[in-house]
Amino acid sequence: MRVDFECPICGARAMDVFFRRDNVPVQPNTLLSTRKQALQCPKGTIELAFCPACESITNWKAKDGPPDYSLNYENSLHFSPSYREYARGQAADLVERYRLQGKVIVDVGCGRGDFLAMLCDLGQNRGFGFDPAYANGRGNAAAGRGITYVKEFYSEAQTSLPCDFICCRQVLEHVLRPKEFVATLQAAALRSGAPVFFEVPNARYTFQRGGIWDIIYEHPFYYSSQSLRRLFASCGFRVSALRESFGGQYLCLEAVAGNGDTVNQANEETAVGSLNDDIEKFAERHKNEVSKAFEICDGLRRSGKRTVVWGAGSKGISFLNELKTVAPVKYTVDVNPHKWGKFVPGTGHEIVSPEFLKEYQPECIIIMNANYRDEIRQQLEACGLRPEVRIV
Ligand SMILES: [Zn+2]
């Protein structure tokens, strides 16, 4: 369905609505303290629109401001050894290539500060981290030459802060007005001369390669390399590198303030080709993937196997909300201790520790992200467990 809605990235006047989901939790990563609260959490509608001109994908129904990230927002992946190894590799690469030694680093949307602490430790740098979701005392303030955490959104007021490098990971997809946000970062980059590093989920993984559980209300935007490049170029950035990472699940962009060539093709390592066909087929593909998951869950329910979902992040929460009427699951496991004892928004599943499984003795574990499969198997073996592991 074509709608008369101005593309927030390129300004084209027609977007194609291709996917809709109602009654999804508005803040899936804000974990709740009681089952009742979890079941009664605020719900919203996702209706995704695609711009054929620039490949931007947006939930055009998301009109509210940013959700409240200040309370119980918990999406840190740093408790996972394989994620930590990935993040450390990224940090070491940036420190080496940008010679970040004894420098000042600004992290916009630093979360609990884990990545910023890595950058500071690796190069004896000083850091400033901005994030309304920062939990006091959770970040390592002593890393490198010290980190100052500011429990606020990064804004115009901070663009005069002298710095040598700006990073912003897994934030842009949450931002309702990305042009304003990127323009603010451009002002900071222009004043300081600092290069910027951005990481976002890769729309090609979600819409082309079957990463269907990544669609959440918290993300008003999904970026492909094309739309990301377009956004940065339109905000006065010169993109110097664009690549896929974490098995193609993320996109990493590096840029400096300035006009000129929008991207050095030699430094672009992303899949090319239009997303048009994939977008047209996506609703059908989503339906098929959900049907497959439904059959798996139904089979498990009939067999009476004790089953748990591993991973109470965006993917696990999407899966449970989609399959809540059939999933034979009482508990969700997560390695992040800050999630233990909390409840999944929308479904009320309790989140437990891997240790809990020793007592519960599950016969089947459902996972959504193959990147964590080996790590999960190892953790199960460490608990003396060898349940069947199913990927959905
Ligand atoms: Zn567009």
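Here are some questions and answers about this predicted model.

User: How many helices and strands does the protein have?
Analyst: Happy to start with the overview! Among its 392 residues, 47% count as buried. The secondary structure comes to 10 helices and 18 strands.

User: What radius of gyration does the protein have, and what would a compact globule have?
Analyst: Let's begin with the box: the C-alpha atoms fill roughly 60 × 50 × 35 Å along the principal axes. A compact globule with 392 residues would have a radius of gyration near 21 Å. The protein agrees with that value, at 21 Å.

User: Which strands stand at the edges of the parallel sheet that runs in the order β16-β15-β14-β17-β18?
Analyst: This open sheet is built from 5 strands with parallel pairing. An edge strand has a single partner strand, so one side of it is left without a neighbour in the sheet. That description fits β16 (350–352) and β18 (388–391).

User: In β16, which residue is the bridge partner of valine 333?
Analyst: Strand β15 covers residues 329–333 and runs parallel to β16, with 3 bridges joining the two. Valine 333 finds its bridge partner in β16, and that partner is valine 352.

User: Which strands stand at the edges of the antiparallel sheet?
Analyst: Good one to compare with the sheet above. Here 5 strands form an open sheet in the order β1-β2-β3-β4-β10, with antiparallel pairing. Each edge strand has a single partner strand, so one of its sides is left without a neighbour in the sheet. The edges are β1 (2–3) and β10 (221–222).

User: In β4, what is the bridge partner of alanine 49?
Analyst: β3 pairs with strand β4 (residues 57–59) in the antiparallel sense, over 3 bridges. In β4, alanine 49 has as its partner threonine 58.

User: Along strand β7, which residues point to one face and are buried?
Analyst: A general pattern helps here: in a regular strand the side chains alternate between the two faces of the sheet. In β7 (residues 147–150), Thr148 and Val150 point to one face and are not buried. Pointing to the other face, and buried, are Ile147 and Tyr149.

User: At which residue does α7 bend by about 55°?
Analyst: Helix α7 spans residues 276–303, which is 28 residues. From first C-alpha to last it reaches 41 Å, close to the 40 Å expected at 1.5 Å a residue. The buried residues of α7 are Ile279, Phe282, Ala293, Cys297 and Leu300. The bend of about 55° is at phenylalanine 282.

User: At about what angle does α7 run to β2?
Analyst: Several elements cover the buried residues of α7, including β2 (15–25), β3 (43–50) and α8 (314–322). The helix lies across β2 and β3. Its angle to β2 is about 30°.

User: Is asparagine 23 buried or exposed?
Analyst: Asparagine 23 lies in strand β2, and has a positive phi of about 60° although it is not a glycine. In general, most residues other than glycine have a negative phi. With 10 other C-beta atoms within 10 Å, asparagine 23 is exposed.

User: Where does arginine 99 lie?
Analyst: Arginine 99 has a positive phi too, near 50°, and is a residue other than glycine. It counts as exposed, with 12 C-beta neighbours inside 10 Å. Its place is the loop between α2 (81–97) and β5 (104–108).

Conventions: Residues are numbered from 1 along each chain as its sequence is written. This is a predicted model: local features need pLDDT of at least 70, side-chain atom pairs count only at pLDDT 80 or more; totals for chains, interfaces and linings use all residues. Two strands pair if DSSP finds at least two bridges between them. Helices (H or I, at least four residues) and strands (E, at least two) are DSSP runs, numbered from the N terminus. A residue is buried if 20 or more other C-beta atoms lie within 10 Å of its own, exposed if 12 or fewer, and partly exposed in between; C-beta atoms are placed from the backbone. The expected span of a helix is 1.5 Å times one less than its number of residues. The bend at a residue is the angle between axes fitted to the seven residues ending there and the seven starting there. Two residues are in contact if their C-beta atoms, placed from the backbone, lie within 7 Å. The radius of gyration is taken over C-alpha atoms; the globule rule is 2.2 Å times the number of residues to the power 0.38. Axes are lines fitted to C-alpha atoms, for helices over the stretch in contact, and angles run from 0 to 180 degrees between N-to-C directions.
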